[in-house]
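Here is a short report on one protein model. It looks at strands, cores, pockets and a loop.

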Amino acid sequence: MHGSLDKFNRLVDALQELPTIGKKSATRLAYHMVIKDSYVGMKISHTIEAALGSVKKCTICGGMSEDELCFICSDERRDATVLCIIENAKDILLLEENGLFDGKYFVLDSLEELSISHLIKIVEGGVNEIIFALTPSISNDAVILYIEDKLIGHKVNFSKIAQGVPTGVSLENIDILSLTRALEDRVKV
């Protein structure tokens, strides 16, 4: 690497650490921020710094928040009887952006006892249905069974998001797990 472009190359390397950003994209982004439009580069720099300084986890659900409680946990109009368990906080953004759910969330970061005891406390606050919105996998099926087992004795109904064949995708392009689930979860027409 050319010594005089050391800082530029470090920027390219840093951008490559982001998911889905390869060498080409990182170089193109770095060039745009540094040479083409330095105002955009400064704006991105300041907004990253501001976000790092103020975005944290909600103390109840584990979602992203700039306050102690996120906007969902502090919203009295949300249905507190339905809890959607998800794998990461960005899944909340996806569901909220599309207005798909009006209950509360719980981000399942780990199966450590602390996380489970926190979940039990939330459930005891009046939850009567838990929806698992986890990526379909054998390990997540085990997670679901583990949580159901930990909540035995609580009057809670469990469900998980439906899976199967996505609209507009031919059967030859579907993985075998999805195809199996689609057949098992078939509905009358």
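In which strand is valine 107 found? Valine 107 is found in strand β4. The model is a predicted one.

## Strand β4

β4 spans 103-107. It is mostly covered: 5 of its 5 residues are buried. β4 pairs with β3, and the two strands run parallel. The pairing is made by 5 bridges. One bridge partnership links cysteine 84 to tyrosine 105 in β4.

Valine 107 has a relative accessible area of 6%, so it counts as buried; the cut-off for buried is under 20%. Valine 107 and cysteine 84 lie 23 residues apart in sequence. In space their C-alpha atoms are 8.5 Å apart. Beyond its neighbours within four places in sequence, valine 107 is in contact with Cys61, Gly62, Gly63, Ile86, Glu87, Asn88, Ala89 and Ile92.

## Tyrosine 105

Tyrosine 105 also lies in strand β4. Is it buried or exposed? Tyrosine 105 is buried, because its relative accessibility is 2% and buried means under 20%.

Which residues does tyrosine 105 touch, not counting those up to four places away in sequence? They are Cys61, Ile72, Arg78, Leu83, Cys84, Ile86, Ile92, Leu95 and Glu96. Valine 34 is a distant point of reference: tyrosine 105 and valine 34 are 40 Å apart, C-alpha to C-alpha. In sequence these two are separated by 71 residues.

## Two nonpolar cores

In soluble globular proteins, nonpolar side chains tend to be buried together. The largest nonpolar core here has 17 residues. Ile85, Ile130 and Ile147 touch the most other members. At least two residues of this core come from each of β3 (79-86), α5 (113-123), β5 (129-133) and α6 (138-150). α5 gives the largest share, 4 residues.

Another core lies apart from this one. It has 16 residues, among them Cys73, Leu95, Phe101 and Tyr105.

Back in the largest core, Ile147 merits its own list. What is isoleucine 147 in contact with, leaving aside its neighbours within four places in sequence? The partners are Ile85, Leu108, Ile116, Leu119 and Phe132.

## The largest pocket

The largest pocket has a volume of about 240 Å³. Its lining consists of 14 residues. Phe106, Val107, Asp109, Ser115 and His118 lie nearest the centre. Val107 thus belongs to β4 and to this lining.

Which elements each supply at least two residues of the lining of the largest pocket? They are β4 and α5. The largest share, 3 residues, comes from α5. By class, the lining of the largest pocket divides into 6 nonpolar, 5 polar and 3 charged residues.

## The second largest pocket

The second largest pocket has a volume of about 200 Å³. Its lining is Leu11, Ala14, Leu15, Leu18, Met33, Val34, Gly41, Ile44, Ser45 and Ile48. Val34 is the residue whose C-alpha lies 40 Å from that of tyrosine 105.

Three helices, α1 (6-16), α2 (23-36) and α3 (38-54), each supply at least two residues of this lining. Which one gives the most? α3 does, with 4 residues. The lining of the second largest pocket has 8 nonpolar and 2 polar residues. No charged residues line it.

## The cavity

How many cavities of 30 Å³ or more are there? The count comes to 1. The largest cavity has a volume of about 60 Å³. Phe132, Leu134, Thr135, Pro136, Asn140, Asp141, Ile144, Lys160, Ile161 and Gln163 line it.

α6 gives the most to the lining of the largest cavity, with 3 residues. By class, this lining has 5 nonpolar, 3 polar and 2 charged residues. Phe132, part of the cavity lining, is also among the contacts of isoleucine 147.

## A loop residue

Threonine 20 lies in the loop between α1 and α2. Its phi is near 70 degrees, a positive value in a residue other than glycine. Why does threonine 20 count as exposed? Threonine 20 counts as exposed because its relative accessibility is 80%, and exposed means over 50%.

Notes:
Residues are numbered from 1 along each chain as its sequence is written. Side-chain values use heavy atoms; hydrogens and water are left out. A nonpolar core is a set of buried Ala, Val, Leu, Ile, Met, Phe, Trp, Tyr and Cys residues joined through side-chain atoms within 4.5 Å. Buried means under 20% relative accessible area, exposed over 50%, partly exposed in between (1.4 Å probe, protein chains only). Contact means heavy atoms within 4.5 Å. On a 1 Å grid over the protein atoms alone, a cavity is a set of points where a 1.4 Å probe fits but cannot get out, and a pocket is an open set with protein on both sides within 12 Å along at least five of seven lines; lining residues have an atom within 4 Å of a point. Grid points are joined across faces, edges and corners, and a volume is the space filled by probe spheres set on the points. Ala, Val, Leu, Ile, Met, Phe, Trp, Tyr, Cys and Pro count as nonpolar, Asp, Glu, Lys and Arg as charged, and the others, Gly among them, as polar. Two strands pair if DSSP finds at least two bridges between them.
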